[in-house]
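The following paragraphs lead through a single protein chain, from one chosen residue outward to the sheet, its charged pairs and its surface. The reader may wish to keep the sequence and the model in view throughout.

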Amino acid sequence: MEKARQCLELNQEESDSVARLAIHPYRVGATEFSFYEDFALRGIRVDRVEPGLVSCTFKVPPRLTDRNGNLANGAIANLVDEVGGAVVYVEGLPMKVSVDMSISFVSTAKVNDELEITGRVLGQRGGYSGTIVLMRNKATGEVIAEGRHSLFGRQPSKM
């Protein structure tokens, strides 16, 4: 445990670098702020929305890369979660919650690569929804990742 703690400790230079970060949260609703979503999703552009489909473009920023300069697997998982949730979102109802995600990490994306992220609904039964999110390099067409995402939430009233 002590070895892990030492590995995670910041030196003074690293601590000062983190202290200088100036990331302004955006508003969620009228009064709530979300640092997390601002950090993870800033720069995503929604290109097309249709029933059962959301298509986005995202340029890989340095803040979401690993030490090798690739888009971090955690950032890919977050994008699958967010786009998969957006494709089944119903205005006026709370967001559905993720039940399960399965992601195939096929290739890597580097800083400044432009990605095309497409989310589609696979099916719905009751409050349960299944989605698939495909992430491709826009320039080469190479698949970066494919995620299957299951969500559960309240159904819209039939009244």
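In which strand is the place of Glu50? Glu50 belongs to strand S3, in a model that is predicted. Its relative accessible area is 39%, and therefore Glu50 ranks as partly exposed. The side chain of Glu50 forms a salt bridge with Arg48, and the closest N and O atoms of this pair are 3.1 Å apart. Arg48 is likewise described as partly exposed, because its relative accessibility is 41%. Glu50 can also be placed relative to a distant part of the sequence: Arg120 is 70 residues away along the chain, while the two C-alpha atoms are 9.6 Å apart in space.

Before following strand S3 further, it is useful to set out the chain as a whole. The secondary structure comprises four helices and eight strands. Read from the N terminus, the order of elements is α-α-β-β-α-β-β-α-β-β-β-β. The chain has 159 residues, of which 30% are buried. Among contacts with a separation of 6 or more, 57% join residues that lie 24 or more positions apart. The chain exposes about 10600 Å², and carbon and sulfur atoms supply 52% of that area.

Strand S3 takes its place in an open sheet of six strands, arranged in the order S3-S4-S6-S7-S8-S5 with antiparallel pairing. S3 and strand S5 (97-105) each have a single partner strand, so they stand at the edges and one side of each is left without a neighbour in the sheet. From one strand to the next, the twist averages 15 degrees. In general, the strands of a sheet pair through backbone hydrogen bonds, in either a parallel or an antiparallel manner. At the S5 edge, the partner is strand S8 (residues 143-152), and the two strands pair in the antiparallel sense over eight bridges. One position in this pairing can be named: Ser104 has Glu146 in S8 as its bridge partner.

What links Arg45, Asp47 and Glu114? These residues are joined in a network of salt bridges. Arg45 takes part in two of the pairings described here. With Asp47, the side chain of Arg45 meets in a salt bridge at 3.0 Å, N to O. With Glu114, the corresponding N to O distance is 3.9 Å. The second pair ties together parts that are 69 residues apart in sequence, because Glu114 lies in strand S6 (residues 114-125) and Arg45 in strand S3 (residues 45-50). Relative accessibility places each member of the network in the partly exposed class: Arg45 has a value of 44%, Asp47 has 40%, and Glu114 has 34%. In total, the structure holds three salt bridges.

Strand S4 (residues 53-59) contains Val54. Is Val54 buried or exposed? Val54 counts as buried because its relative accessibility is 8%, and the limit for this class is under 20%. Leaving aside neighbours within four places in sequence, Val54 is in contact with Arg48, Ala86, Val87, Ile117, Thr118 and Gly119. Arg48, one of these contacts, is the salt-bridge partner of Glu50 described above. Gly119, also in contact with Val54, lies 65 residues from Val54 in sequence, yet their C-alpha atoms are 5.1 Å apart in space.

The account closes with the surface. Which residues form a nonpolar patch there? Val97, Val99, Tyr128 and Phe152 make up this patch, and together they have about 380 Å² of accessible area. Tyr128 is found in strand S7, which covers residues 128-137. The relative accessibility of Tyr128 is 37%, and therefore Tyr128 counts as partly exposed. Strand S7 stands between S6 and S8 in the order of the sheet, while the S5 edge has one side left without a neighbour.

Terms used:
Residues numbered from 1 in each chain as written. Predicted model: local features only at pLDDT ≥ 70, side-chain atom pairs only at ≥ 80, totals over all residues. Heavy atoms only, no water. Patch = residues over 30% accessible without salt bridge, like charges linked within 9 Å, V, L, I, M, F, W, Y side chains within 5 Å. Areas by Shrake-Rupley, 256 points an atom, 1.4 Å probe, with all protein chains shown as cover. Salt bridge = Lys/Arg side-chain N within 4 Å of Asp/Glu carboxyl O. Buried < 20%, exposed > 50% of the residue type's maximum accessible area, 1.4 Å probe, protein only. Pairing = 2+ DSSP bridges. Axes fitted to C-alpha atoms, helices over the stretch in contact; angles between N-to-C directions. Contact = heavy atoms within 4.5 Å.
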